[in-house]
Amino acid sequence: MHIQITFNNISDTIKELLIAELADIAEGFEETDTDLHAFFMKEKYDREAVTSLAALHNITFTENEIAPQNWNALWESNFEPVIVENFVGVRAFFHAPIPDVQHEIIITPKMSFGTGHHATTYLMIQQMQQIDFKGKTVFDFGTGTGILAILAAKLGAQQITANDIDEWSIQNARENFETNNVTDIRLVHSDSGMMAEHFDIILANINRNVLLENISHLSNQLNNNGLLILSGILREDIAIIEQCCKNNHLSLSGQAEKSNWMCLSFKKL
Ligand SMILES: C[S@@+](CC[C@H](N)C(=O)[O-])C[C@H]1O[C@@H](n2cnc3c(N)ncnc32)[C@H](O)[C@@H]1O
């Protein structure tokens, strides 16, 4: 059996926060006008985490055991194309091509995070539009579906490494690299931002705590004048992230916001 949690009567902002906070343990989400349903495999369900999130946001939830779901059918029914300005269009293979965008990315997300729907990915794509990737070495820390690594390849990056803690995401990213004809990206299954190589650009859309734990590794691996683009940060966490970056020779060079989520760019001094 699987578990379905329903968070009742919540705002769109709280829905977005919950989706991001539960992305690592939930198999999928379904939204209605007022509610959010989150689906879990029984062995991955963490009642304590769900209860403390509900208390944090001052909301209620109900919990039901349900028949096993077809997660593929769930994401297919939920996945609408995403367009980031006229720069990038993200769609599934069953959608029609998106006209008038510079780069099209085809994603089969299944259980991984990274379709551009979430503000944190959208902001990363927007920031990537400002950066010259041609001939650059790139590390995509926490690649999920591989969306950012695919975009870096399409923008002309020369050598790309992508990692994820989640074995399922590694398989899914590999599948998406093949679909998008960018198969020379190196994929690593690992649980930290520590790599042996140095990079010109590091992309990291994860969350506050994983970022704080890894900023010193990321900075050590960045070439001088290299760029670190961080997303997955809430507005109230800007100061702590900025201070940690400052302590690690990284100077804030840009920031963007969407739905209370921040994307911060840093330059290695
Ligand atoms: C918010 S998703 C971002 C996915 C994609 N890069 C995007 O921008 O949409 C974060 C990803 O980081 C992975 N992750 C979380 N903690 C990690 C860690 N300590 N080491 C490596 N990957 C991690 C998760 O499995 C998830 O796929």
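How many residues of domain 1 are in contact with residues of domain 2, and how many of domain 2 take part? Four residues of domain 1 touch five residues of domain 2. On the domain 1 side, the touching residues are two nonpolar, one polar and one charged. The structure is a predicted model.

**Domains and overall form**

Domain 1 covers residues 2–71, and domain 2 covers residues 115–268. Their C-alpha centres are 26 Å apart.

The protein contains eight helices and 14 strands. Its radius of gyration is 18 Å, close to the 18 Å given by the globule rule for 269 residues, so the protein is as compact as a globular protein of that length. The C-alpha trace spans about 50 × 40 × 30 Å along its principal axes.

Of the 269 residues, 39% are buried. Where contacts join residues at least 6 apart in sequence, 62% of them link residues at least 24 apart.

**Annotated positions**

An unreviewed UniProt entry lists Thr121, Gly142, Asp164 and Asn205 under "binding site". Two of these, Asp164 and Asn205, are described here in turn.

Which strand holds Asp164? Asp164 is found in strand S9, which runs over residues 159–164. Asp164 counts as buried because 27 C-beta neighbours fall inside 10 Å, where 20 or more are required. Beyond its neighbours within four places in sequence, Asp164 is in contact with Gly142, Thr143 and Gly144, with Ser169, Ile170 and Ala173, and with His189. Gly142, one of these partners, is also among the positions in the UniProt listing.

Asn205 lies in strand S11, residues 199–205. Is Asn205 buried or exposed? Asn205 is buried, because 28 other C-beta atoms lie within 10 Å. Leaving out residues up to four places away in sequence, Asn205 touches Thr120, Thr121, Met124, Gly142, Leu148, Ser231 and Gly232. Thr121 and Gly142 are among these partners, and both are listed by UniProt under "binding site".

Gly142 therefore appears in the contacts of Asp164 and in those of Asn205.

The table sets out the two residues by strand and C-beta count.

| Residue | Strand | C-beta atoms within 10 Å |
|---|---|---|
| Asp164 | S9 (residues 159–164) | 27 C-beta neighbours inside 10 Å |
| Asn205 | S11 (residues 199–205) | 28 other C-beta atoms within 10 Å |

Key: Residues numbered from 1 in each chain as written. Predicted model: local features only at pLDDT ≥ 70, side-chain atom pairs only at ≥ 80, totals over all residues. Domains from an automatic or database assignment. Contact = placed C-beta atoms within 7 Å. Nonpolar A, V, L, I, M, F, W, Y, C, P; charged D, E, K, R; others polar. Helix = DSSP H or I, 4+ residues; strand = E, 2+ residues; numbered from the N terminus. Rg over C-alpha atoms; globule rule 2.2 N^0.38 Å. Buried ≥ 20, exposed ≤ 12 C-beta atoms within 10 Å, placed from the backbone. UniProt positions renumbered as here; feature names shortened; annotations may be inferred.
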